[in-house]
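Hi,

Here is the structure I promised to pass on. Have a look at it first, and then read my notes underneath.

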Amino acid sequence: MIWELPVVALRNMVIMPGVTMNIDVGRPKSKRAVDEAQSADRRVLVVTQKEAATDDPMPGELFEIGTLAVIKQVVRLPDNTYQVLVESQERVRMLDQVPGSYLRVRVETLDTQPGNPDELRVLMQETKSAFEEYQRQNKTLRLDNYQLEGIKTLTSAGALADQIAHHATWTLEEKQAVLDTSGEQPRLTLVLQHLTRDLERFNMDKKVAGRVKEQMDANQREYYLREQMKAIGKELGGGEEGPAEVEALREKIEAAGMPAEVKEKALKELARLERTPGGSPEGTVVRNYIDWLTDVPWSKRDEEILDIVRTRTILDDDHYGLDDVKERILEFLAVRQLTHKPDELDEQGEKKQRTAEERIEDSELRAPILCLVGPPGVGKTSLGKSIARSLNRKFVRMSLGGMRDEAEIRGHRRTYIGSMPGRIIQGMKNASVVNPIMLLDEIDKMASDWRGDPSSAMLEVLDPEQNHTFQDHYLEVPYDLSQVMFITTANSLQTIPRPLLDRMEIIQIPGYTMPEKLQIAKRYRLPRQLRGHGLEGRLEVTDAALQRIIEEYTQEAGVRNVDRMISKLARKAARALLETPWEGVKTVDAENVPDYLGIPLFKPNRMEKEAQVGVAQGLAWTSVGGTMLVVEALATPGTGRINMTGSLGDVMKESVQAAVAYLRKHATEYGADPEFYKNTDLHVHFPDGATPKDGPSAGITIATAVISAITGRPARMDIAMTGEISLRGRVLPIGGVKEKLLAAHQGGIREVIVPKDNEPNLQDLPESIRGELKIHTASNVGEVLERLLLAAPEQPVSPPPTLSKPAQPGASS
Ligand code: ADP
């Protein structure tokens with residue numbers, strides 16, 4: 001059907017068929033068209049112009065398809081525009097222009113081509129629910145329930161498409177496209193496509209928005225928690241893991257020169273620290289751990305000076321005498337110097353990892369570990385220090401005495417509160433270089449019990465095949481001890497576990513003679529103490545005074561107490577100098593010594609030299625060196641009982657039994673009553689009863705005292721002796737000859753008897769002592785007694801006096 005209609009051009013809007021709405025008309029040509037329509041059948045063509053900017057559009061500037069509408073009402077507004085209520089009816093196509101003073105065109109109505117009803121029904125269903133969803137999600141679309149119900153109840157597919165296109169927030173072009181499509185099915189399909197597209201967009205927007213929101217929520221939550229944590233930390237008085245601290249730790253890790261594996265571990269712990277709240281106990285544990293990892297040296301080392309001549313000079317500077325010991329140390333270092341292989345470096349300048357074979361070969365070549373053995377105060381520690389100084393290496397000392405727990409060496413696992421690395425790693429931290437000299441003091445005093453055996457851990461430390469991967473429980477990562485030089489010390493070899501002993505090169509330091517002590521005191525300790533007390537040039541101590549100090553104020557194998565006494569003397573002198581100042585140099589001579597040190601602690605060891613009945617002069621060896629030991633025996637009429645006092649061990653009791661048995665066999669030889677074992681009670685006593693004593697080496701001394709008591713023949717006291725006795729009277733060899741003879745010499749004895757089998761040991765004796773001591777050897781008790789027992793006097797001699805000796809710790813004979 002063809003119509004001739006006045007045209008109202010629309011800007012920015014498309015009017016769909018079936019819609020009633022107000023449009024504002026302001027342009028003169030459009031107003032004229034409205035006027036014309038009103039004066040005729042009220043029909044107009046409303047059609048959208050392609051460009052909104054065009055003021056007076058020609059038909060070519062309008063879309064081809066528009067809507068035939070009926071004007072329902074025109075309101076003339078005060079601004080001279082019309083507000084026109086139109087009811088659009090059907091889509092029409094513009095055909096041509098009808099000439100005239102306003103735009104008037106001919107249009108034809110478009111046929112609606114109905115589609116497949118079934119398909120249309122499904123399509124409508126889908127479109128309706130899509131639109132329902134669309135209007136729910138589209139925030140800019142405001143449909144009231146009445147409008148919505150209206151759309152949902154539509155039964156015409158074409159009308160449905162047009163209504164939706166009217167409400168939807170689509171572009172002009174999109175709406176025009178719907179208007180352009182006259183077929184019902186294609187039009188509805190187009191509308192559904194647009195709806196689906198929009199729904200997808202909405203969904204996507206929602207997802208993105210959701211994600212953004214989630215992100216924001218998470219951030220906010222974390223921030224909130226952190227703030228709370230900080231607040232709690234502050235309340236508890238803790239600091240907070242500021243980024244600055246973490247950075248500082250990171251720098252420390254970078255600078256520590258760790259092996260890659262250790263560094264990785266450290267960085268992992270650092271990441272953990274970052275995650276833990278400040279002030280929390282866990283944070284402290286982790287930080288401590290990182291501190292340990294970074295404080296232990298991993299690659300820093302001192303350049304070693306291997307120069308035997310220099311070492312010799314330094315050892316001599318620091319120590320008097322000890323020629324054998326220094327000789328041995330120099331030999332030891334010489335071997336080290338000759339077999340020392342510098343670490344091979346690879347292309348990157350990193351230390352090359354050695355293969356297992358190389359390591360074993362290396363460790364076989366490597367000199368064993370030095371072990372300095374001797375009584376306290378003989379200079380073991382200070383020798384260690386001198387070695388370190390001469391090699392230009394750091395020195396760390398670690399006492400193993402009384403250590404009974406493996407964990408002391410290896411540390412505790414980090415799971416324990418307050419756990420720490422073991423002493424080895426602590427020592428390394430103190431050394432701060434990977435190649436210190438580590439002195440392991442008193443390795444003979446390590447004990448083992450249910451807490452584990454520290455000596456097995458020690459074995460690992462000292463074994464060059466194992467110690468490059470030393471395991472500390474706290475540190476968790478293996479630590480390389482292979483560049484450490486270990487020196488051990490011990491008072492006696494007897495309690496060192498065998499496997500440890502096998503790894504060590506033993507150097508014995510027996511103790512000093514009186515003249516040696518005097519020289520040490522005079523040349524080394526005294527000058528140092530005077531300097532230390534500000535008395536240089538103000539005080540002088542004569543040799544006689546020093547000698548008196550050594551003899552009457554100390555009794556030891558080493559010089560530790562001598563040093564202590566000199567220091568005490570210097571202290572008193574320093575105070576005196578301030579209280580009553582003196583001019584020039586003040587001299588301390590032997591008779592002034594008590595003014596400074598009080599009454600003498602020991603009587604000079606030159607004791608009874610007169611022969612007595614039932615007394616014999618023995619020599620014993622204790623952990624603090626050799627000492628003199630007197631044995632007393634008393635025979636009284638009785639029934640043959642034997643009584644022993646003075647804290648004797650079983651071995652010593654057996655020695656008494658052996659002496660009695662020997663005498664029973666040889667009674668007549670020595671002029672004893674052959675029935676003495678029936679009618680005489682015997683009491684054997686070792687003075688200084690509080691100190692437990694044991695060991696076989698008092699055998700011949702006991703025999704002498706016992707036989708002297710029973711026969712009534714006095715025994716010489718100016719000869720000291722040592723030796724084990726067998727039932728048949730043989731004299732068996734004993735240990736510690738050198739130490740015992742030194743003690744005898746110091747005690748003023750000039751004649752001694754030792755077992756024949758100990759003859760080779762005499763070579764160790766210092767020349768000075770050998771010259772002054774008359775040494776007899778004996779293989780049989782008979783020889784001993786012959787030398788010691790005098791003829792029985794006419795009348796009985798006075799009973800032996802009670803000899804008192806100062807306390808000696810743990811004496812064994
Ligand atoms: P140890 O470790 O054997 O118990 P120290 O090394 O502690 O003994 O020695 C104790 C003191 O005696 C130190 O001050 C040391 O310098 C000094 N000393 C020991 N022997 C000598 C010596 N031969 N010459 C100089 N001083 C010595």
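Which residue has an N or O atom in its side chain 2.2 Å from an oxygen atom of the ligand? That is Arg560. Before the rest, the ground rules: this is a predicted model, where local features need pLDDT of at least 70 and side-chain atom pairs count only at pLDDT 80 or more, while totals for chains, interfaces and linings use all residues. Residues are numbered from 1 along each chain as its sequence is written, and side-chain values use heavy atoms, with hydrogens and water left out.

**Around the ligand**

There are 17 residues around the ligand (a residue is near a molecule if one of its heavy atoms lies within 4 Å of it). Those that come nearest are Tyr320, Gly377, Lys380, Thr381 and Arg560. The backbone joins in too: an N or O atom of the Gly377 backbone sits 2.8 Å from a ligand oxygen, and one from the Val378 backbone sits 3.3 Å from a ligand nitrogen. I'm calling these polar contacts, meaning a pair of N or O atoms within 3.5 Å; within protein, one must be able to donate a hydrogen and the other to accept it, and residues adjacent in sequence count only if both atoms are side-chain atoms.

**The second largest pocket**

This pocket has a volume of about 810 Å³. For the terms: on a 1 Å grid over the protein atoms alone, a pocket is an open set of points where a 1.4 Å probe fits, with protein on both sides within 12 Å along at least five of seven lines, and lining residues have an atom within 4 Å of a point. Grid points are joined across faces, edges and corners, and the volume is the space filled by probe spheres set on the points.

The lining has 38 residues, and Gln508, Ile509, Pro510, Lys738 and Asp764 lie nearest the centre. By type, 16 are nonpolar, 14 polar and eight charged (Ala, Val, Leu, Ile, Met, Phe, Trp, Tyr, Cys and Pro count as nonpolar, Asp, Glu, Lys and Arg as charged, and the others, Gly among them, as polar). At least two lining residues each come from α11 (323–339), β11 (504–508), β14 (615–622) and α25 (737–746), and α11 gives the most, with four. Helices (H or I, at least four residues) and strands (E, at least two) are DSSP runs, numbered from the N terminus.

**Salt bridges**

The whole structure has 53 salt bridges, each being a side-chain nitrogen of Lys or Arg within 4 Å of a carboxyl oxygen of Asp or Glu. One of them pairs Glu304 with Arg393, with the closest N and O atoms 2.3 Å apart. Glu304 is in the loop between α9 (281–295) and α10 (308–318), and Arg393 is in the loop between α13 (380–391) and β8 (395–399), so the bridge ties together parts 89 residues apart in sequence. Glu304 is buried at 16% relative accessibility, and Arg393 is buried at 8%. Here buried means under 20% relative accessible area, exposed over 50%, and partly exposed in between (1.4 Å probe, protein chains only).

Another bridge joins Arg716 to Glu751, with the closest N and O atoms 3.6 Å apart. It links Arg716, in the loop between α24 (699–711) and β18 (719–721), to Glu751 in strand β21 (751–755), 35 residues away. Arg716 is partly exposed at 24%, whereas Glu751 is buried at 14%.

**Two loop residues with positive phi**

Most residues other than glycine have a negative phi. Glu442, in the loop between β9 (437–441) and α16 (454–462), has a positive phi of about 55 degrees. Glu476, in the loop between α16 and β10 (485–490), has a phi near 70 degrees. Glu442 is partly exposed at 28%, and Glu476 is partly exposed at 34%. Glu476 also belongs to a salt-bridge network with Lys265, Glu269, Arg272 and Arg414.

**Helix α4**

Is α4 (157–167) largely enclosed or open? Nine of its 11 residues are buried, so the rest of the structure largely encloses this helix. Among the buried ones are Leu160, Ile164 and His167. At the N-terminal end, Ser156 acts as a cap, with a side-chain oxygen 3.3 Å from the backbone nitrogen of Gly158.

Cheers
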